[in-house]
Amino acid sequence: MCGITGIVTQDRNDIGRLLVMCSRKLTYRGYDSVGVAAVHRGKVYLKKDVGTIDEVDARLGLSKMPGDRGIAQLRWATYGAPTQVNAQPHYGCTEEFYGAHNGNLHNYYEYRQELIETGHTVRSWNDGELCVHAVDKYYEQTGDMFEAVRLSTRDLKGAFAYAVGRADTQEIYAVKMGSSLVAGVAPTETIVSSDLPSILPLTNRVVYLDDGEMVVLRPDSVKVYRVEDGKELNRPVQVSNVDPHAAEKGGFPHFMLKEINEQPQVARDVMGLLHSNESEEWLRLIEDASHIYLVACGSSYNAGIVGTYYFNRLAGIPVTPAIGGQFIPMYARTLTEDSLCILVSQSGETKDILNVLKLVKREGLGKTLGVLNVIGSSLMFGADAYIPMGCGYEVSVPATKTYFSQTVIFADLAARLGARNGMLDQSEADRFVSALRDDLPRLTQETIDRTGILAKNLAPTLMGEHDLYCLGYGLTDGVAREGALKIKEICYNHCEGMYSSEFKHGPLSIVTDNYPVIFVTTTEDSWMVINHINEVACRGGRAIIVGEHEDSLTPYVKSKTDYLVVPKSEVLINPILDVIPLQLLSYFLSVDLGINPDLPRNLSKTLTVD
Ligand code: BG6
């Protein structure tokens, strides 16, 4: 995924400073390369290079570029290696045009060939450059930038958003065709961007866009049009209540640690949202479905696994979990008009998820219920209904508070559904929901406070361990997968998350003296997990346990450091808390390894590509 930002000012001359200030908030979308195209006195100046925005700004002086309008782009490489020439923005054939894109052009190779054969000067191997050439091409034919941008979309296949301008026109034009894009109206400038955080430093007055729409930025106005016929659309300016400081660290060394510490508040906020008056619609969608799929990627998928267990355990409702990219080849033919796809995506822009959304809507294969954090995202607009995760912006690439919010949502929905279908006594359901609302915030804070130091002490002992397992059972299956993913994402070690009873069917062969295996358990399942711990310990393996303290388990850990003890709670809350020491362990280990956990190499916060 990449991040584009376009700004048009009313006669200001500090466009470089504005673009860098705003684009920096999109760092989590890409940090392979960065560039700025600034228009100054009718000429386009383009500076770009590999590296983070701060590195490239220090090297090339991006924030010092004069001008009254321009476009910046932060790149996460897909087509074309992360090199200077493939960095964005790009010129067109001449230096009159400038532009940048986010997304994927599926017809990249054939269209690049077509442009070259028709005389275009294509400089890079990056698909974003072709968006600028497409506009260049239709400008040659029409002499009109609005029409050129509108017609350019006809040549481009895939999911993308791009912004383009010309040296001699004050407007910047941007198109939304499958990737995120939002506009803003500030007192002395207008802005368009891939994501809200880069707009908030200038204004909280935003204009949301939908796919198939284009926006024209003028110094004092933002106008929205339908790409298909150029018709102007009435898009009111809305006031966003997202905290602009959400994109600041608030005194923490990293966003990840800040966001872990926001989880007690997330517990309060999401429970409030879950008991709003829209929840009846969500519960009905689930109750009325003949078959329910829960489709997600990365940490959202791991939260979905936890949700699958809650739906079974509390409501006797079978839910089929599916990885986003796998869903269509694995399940598409099983969908019917009364299926329900619960699409879980904190960004609401993950392409693997939007592909499923498009299929279900195009073929009329049942309903969709989004579980999402970013208001204004494509999933929000596209799903039949959506549950807001209420986390505030999550900036750190590794998910923490958004995963946490998702597990709370599934626990609460499952309890309420169980009470409604009789699988759970109403009193039992009420008690659990009250515990989620009244106890979970405090227990979350306690868990952070008590396991933070335990995780910090354990981390150094894993410094040399480049290969380990993280096992869960029942409700902690998804928790263990999430703990493993965190270690993979930000410690660059191989950690496989899997079901503990499955470990003996093969993977156990890896265990030799001191081989580390993490076990995530609850007081309800430890009677079973103790067998799996023993299978490792009796072969000299190093069992590391996450869960409430249990005397029966202590003989199996080689040292107190290997027991991340979670505060006592009701057993069904255990799994929600068990993730916290794993988040903290991966965080401290990442920092000990000299890695920036917020921006792990090769990764991106949201993958708007296939
Ligand atoms: C990955 C992120 O790119 O996408 C993960 O690095 C995230 O942190 C995954 O869990 C899914 O993202 P989303 O927005 O669909 O929940």
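Start with Ser300: in this predicted model, an N or O atom of the Ser300 side chain lies 2.6 Å from an oxygen atom of the ligand. Thr350 does much the same job of reaching over with its side chain, where an N or O atom is 2.6 Å from a ligand oxygen. The backbone joins in too, since a polar backbone atom of Val397 sits 3.1 Å from an oxygen of the ligand. As for how much of the ligand is left open, the protein covers 93% of the 390 Å² of accessible area that the ligand has on its own.

Now step back to the whole shell. It counts 14 residues, and the closest are Ser300, Ser345, Gln346, Ser347 and Thr350. What's the chemical mix of the shell, in nonpolar, polar and charged residues? Eight are polar, four are nonpolar and two are charged. If you want to know which element to look at, go for helix 9, residues 298–315: with three residues, helix 9 gives the largest share of the shell. And if you're browsing pockets, the space the ligand takes is the second largest one.

Zoom out once more, to the fold as a whole. The protein has 17 helices and 25 strands. Its radius of gyration is 25 Å, close to the 25 Å that the globule rule gives for 610 residues, so the protein is as compact as a globular protein of that length. For setting up a view, the C-alpha atoms fill a box of roughly 80 × 50 × 45 Å along the principal axes.

Key:
Residues numbered from 1 in each chain as written. Predicted model: local features only at pLDDT ≥ 70, side-chain atom pairs only at ≥ 80, totals over all residues. Heavy atoms only, no water. Near = heavy atom within 4 Å. Polar contact = N/O pair within 3.5 Å; in protein donor to acceptor, adjacent residues only side chain to side chain. Areas by Shrake-Rupley, 256 points an atom, 1.4 Å probe, with all protein chains shown as cover. 1 Å grid on protein atoms, 1.4 Å probe; cavity = no way out; pocket = protein on both sides within 12 Å on 5 of 7 lines; lining within 4 Å. Sits in = over half its atoms within 2 Å of the grid points. Helix = DSSP H or I, 4+ residues; strand = E, 2+ residues; numbered from the N terminus. Nonpolar A, V, L, I, M, F, W, Y, C, P; charged D, E, K, R; others polar. Rg over C-alpha atoms; globule rule 2.2 N^0.38 Å.
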